[in-house]
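Open the model in your viewer and keep the selection tool ready. This tour goes one stop at a time.

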Amino acid sequence: MEITKAEFATSMSSYKAPPKAFSQIAMAGRSNVGKSSLINCVCRRSKLARVGEAPGKTRLINFFEINESFYLVDLPGYGYAKASKAEIERWGVMMEQYFAASEQLCGVIHIVDIRHEPTKDDLQMNAFLRARGIPFVVVLSKADKISRGARMKYMAPILRALQVQPWQAVVFSAENGDGRENVLLAMEGLLQGRPFEEKSLK
Ligand SMILES: Nc1nc2c(ncn2[C@@H]2O[C@H](COP(=O)(O)OP(=O)(O)OP(=O)(O)O)[C@@H](O)[C@H]2O)c(=O)[nH]1
Ligand SMILES: [Mg+2]
């Protein structure tokens, strides 16, 4: 799959069906992990989704229409340490609502920072997706921050904690585009309802 057309569709603070009944792939992960950057990288558009130096940039549920056939959904991140109790609560309600109501959701890209072991929130997201039976692919972001040789060392404990096999996960950098093809394959797999395996590249 290649993305030939990408445009902002709509933003919402509480879930309502977007304009078209397209399949949706949502980006989930900690605040600042690179969800919005991943959307920009796969679409090759540096300013499609708003990216922030500081965590808590994406506050609403943002829909991007891709190839006139599906939506990429940019969700606000979790685990932002400086968020107030009220904001955390608002986030929880928004997410709960989104996952409960979005009938067209066909899968989630769960993004975690390759440099850090999963947080309690990451584990919770993982358990939530499994409990709801929502197909997901784990993407390890910011791979440009570590050397290639160190990848396996960083990946192993993360994948163990999330109970994902190495060939089912994608190592990715929005900075240099490493792993972009695999992210696209993973998205294609979610849209077609088949699991992603890196082998399928070869
Ligand atoms: N080096 C490097 N930096 C990245 C990468 N992906 C994102 N960043 C940087 O990380 C910061 C946060 O990126 P965002 O894409 O806004 O993160 P987010 O997950 O959407 O954050 P929230 O909207 O707050 O939940 C920005 O300064 C990005 O430039 C990456 O692959 N490599
Ligand atoms: Mg964001």
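Two strands count as paired if DSSP finds at least two bridges between them. Keep that cut-off in mind; the model is a predicted one.

**Stop 1: a hairpin.** Select strand β3, residues 61-66. Add β4, residues 70-74. β3 and β4 pair in the antiparallel sense, with five bridges between them. Look across from Leu-72 in β4: Phe-64 stands opposite. Now select the turn. Three residues lie between β3 and β4 in this hairpin. Asn-67, in the turn, has a positive phi of about 50°.

**Stop 2: the other neighbour.** Keep β4 and add β2, residues 23-29. How do β2 and β4 run? They run parallel, joined by five bridges. Return to Leu-72 in β4: Ile-25 stands opposite.

**Stop 3: the faces of β4.** Show the side chains of β4. Are they buried or exposed? Five of the five residues in β4 are buried, that is, under 20% relative accessible area. Phe-70, Leu-72 and Asp-74 lie on one side. Tyr-71 and Val-73 lie on the other. Both faces are covered.

**Stop 4: a helix.** Select α1, residues 35-43. Eight of its nine residues are buried, so color by burial and see α1 mostly covered. Lys-35, Ser-36, Leu-38 and Ile-39 are among the buried residues. So are Asn-40, Cys-41, Val-42 and Cys-43.

**Last stop.** Step just past α1 to Arg-44. Check its backbone: Arg-44 takes a positive phi of about 50°.

Terms used: Residues are numbered from 1 along each chain as its sequence is written. Chains are lettered from A and ligands numbered from 1 in the order in which they are written. This is a predicted model: local features need pLDDT of at least 70, side-chain atom pairs count only at pLDDT 80 or more; totals for chains, interfaces and linings use all residues. Side-chain values use heavy atoms; hydrogens and water are left out. Buried means under 20% relative accessible area, exposed over 50%, partly exposed in between (1.4 Å probe, protein chains only). Helices (H or I, at least four residues) and strands (E, at least two) are DSSP runs, numbered from the N terminus.
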